[in-house]
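Here's a quick look through one protein model, from the overall fold down to a few side chains. Have the sequence and the coordinates open as you read.

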Amino acid sequence: MGNYSAVTEFFLVGLSQYPEVQLFLSVLCLIMYLIILLGNSLLIVVSILDARLHTPMYFFLGNLSFLDICYTSSSIPQMLIMFMSERKSITFLGCALQMVISLGLGSTECVLLAVMAYDRYVAICNPLRYPVIMNKVLYVHMAVWSWVIGCLNSLVQTVSTMVLPFCGNNIIDHLTCEILALLKLVCSDITMNVLIMTVASIVLLMVPLLLIFVSYIFILSSILRINSAEGRKKAFSTCSAHLTVVILFYGSALFMYMKPKSKHTNASDEIIGLSYGVLTPMLNPIIYSLRNKEVKEAVKKILSKHLYLWKI
C-alpha cells in the first residue's frame, strides 16, 4: 500500500461508453431539474402563504420539498458538468461532500415518509384527537429528528468510507459519488462498512417501510368504515398521493441498497440510481398537487390575488 500515492480526485465515468445516452440524459436531467426547482419551490411558498395549509401534513410536505431541492442540487449540476466536460473529475473533498449530502438527505426522506404516514394514520383513525396528538411541539420535533437521524447516518457512513485506503484507484463507474460505487475502489477489508450499511438499510429502509405498511392497514380499515362517499374520496385522495410517493421512493431505494452486490456497476443500476435521485423528487410536487384539492385551490387563490394586484 505504501507504493500508492494518496487519491486527491476521482473520475466519474458512469455511462461514458454511451455518449449518445449521456447527451440525451444531460438534456433530460436539465429539464427535470428545472421542474424540481419550480414545483417544489411552489409547494413551499404555497404552504407558507396560505393559512389553511398551516397543518402538520403540509409542514412535513414543505420539509420534503425543501429536502428534494437540496438533494437534487447536490448531484444534478455536477452531473451535468460531467456530461459536458472532457475531464470528468471531482476532488476528493468534493466527492465526500456530495456523498454526505445525498446520503444524509436520502436517509432523512426515509424517516420523513414514515412520519408522514403516522400523521395520516392519526388524521384518519383518530380525527377528533388529531389536533391534540399532532400538536406543534410534536410535529416539529418529529421533523427535526428525521433530519438528525438522516445526518448522523450519513456522517457515520461517509467518514467510515473516506478514511479507507483506495491504493490509487480513482475511477468511479457511476454518475455520482455514490457510496456503493466508492466502496468497490477500496483495497482493504470493508466488512465493517458492509455491516454498518446493512444495519442502516434495515433501520432506515425496512423499519420505516414496515411502519408505513402497518399504518396503511389501519388507515384502509378506517376509510372503509366511513359512511360518507365524499369523506371516503377525500381520505383516499390525500393518502393515495403519499402512498404513490412511498412506492416510487422505496422501490428504487430497496433495489439500490438491498439487492445482492456485484463487483461491477451495470448500466441498469445507474439508470435506477438516476430515477431514485431525479425522477422521484420531480414527481413529488406533481403528485401532491394533482391529487390534492387544497393545494390546487391555494395555488389558484395566490395566482388570482397576484394577477389582480398586477392589473391594479
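What follows covers the fold, two surface patches, the salt bridges and a few single residues.

First, the ground rules. This is a predicted model, so local features need pLDDT of at least 70 and side-chain atom pairs count only at pLDDT 80 or more, while totals for chains, interfaces and linings use all residues. Residues are numbered from 1 along each chain as its sequence is written, and side-chain values use heavy atoms, with hydrogens and water left out.

**The fold**

The protein chain has 11 helices and three strands; these are DSSP runs numbered from the N terminus, with helices being H or I of at least four residues and strands E of at least two. Along the sequence the pattern reads β-α-α-α-β-α-α-α-β-α-α-α-α-α. Of the 312 residues, 47% are buried; buried means under 20% relative accessible area, exposed over 50%, and partly exposed in between (1.4 Å probe, protein chains only). About 16200 Å² of the protein chain is exposed, and carbon and sulfur atoms supply 72% of that. Areas here come from the Shrake-Rupley method with a 1.4 Å probe, and for residues only the protein chains shown count as cover. Among contacts (heavy atoms within 4.5 Å) with a separation of 6 or more, 79% join residues 24 or more positions apart.

**Two surface patches**

Patches are built from residues with over 30% relative accessible area and no salt bridge, joining like charges within 9 Å and nonpolar side chains (Val, Leu, Ile, Met, Phe, Trp, Tyr) within 5 Å. Lys and Arg count as positive and Asp and Glu as negative, with His and the chain ends not counted; a charge is placed at NZ of Lys, CZ of Arg, CG of Asp or CD of Glu.

The positive patch on the surface gathers Lys233, Lys293, Lys296 and Lys300. Helix 11 (residues 293–311) gives the most to it, three residues. One resident of helix 11 is Lys300, exposed at 61% relative accessible area.

The nonpolar patch takes in Met192, Leu195, Val199, Ile202, Val203, Met206, Val207 and Leu211, with about 700 Å² of accessible area together. Ile202 sits in helix 8 (residues 191–224) and is partly exposed at 41%. Val203 is in helix 8 too, partly exposed at 46%. Its C-alpha lies 9.5 Å from that of Val111, although 92 residues separate Val203 and Val111 in sequence.

**Salt bridges**

Side chains of opposite charge can pair when their charged atoms come close. How many salt bridges does the structure hold? There are two, counting a side-chain nitrogen of Lys or Arg within 4 Å of a carboxyl oxygen of Asp or Glu.

| Acidic partner | Basic partner | N to O distance |
|---|---|---|
| Asp50 | Arg52 | 3.1 Å |
| Asp119 | Arg120 | 3.0 Å |

Asp50 is buried at 3% relative accessibility, whereas Arg52 is partly exposed at 46%. Over in the other pair, Asp119 is buried at 1% and Arg120 is buried at 10%.

**Thr72 and Leu248**

Is Thr72 buried or exposed? Thr72, part of helix 2 (residues 56–73), is buried, with 0% relative accessibility. Leaving out residues up to four places away in sequence, Thr72 touches Tyr33, Ile36, Pro77, Gly277 and Pro281.

Pro281 turns up again with Leu248: the two are 33 residues apart in sequence and 9.8 Å apart, C-alpha to C-alpha. Leu248 belongs to helix 9 (residues 229–258) and is partly exposed at 31%. With residues up to four places away in sequence not counted, Leu248 touches Thr280, Leu283 and Ile287.
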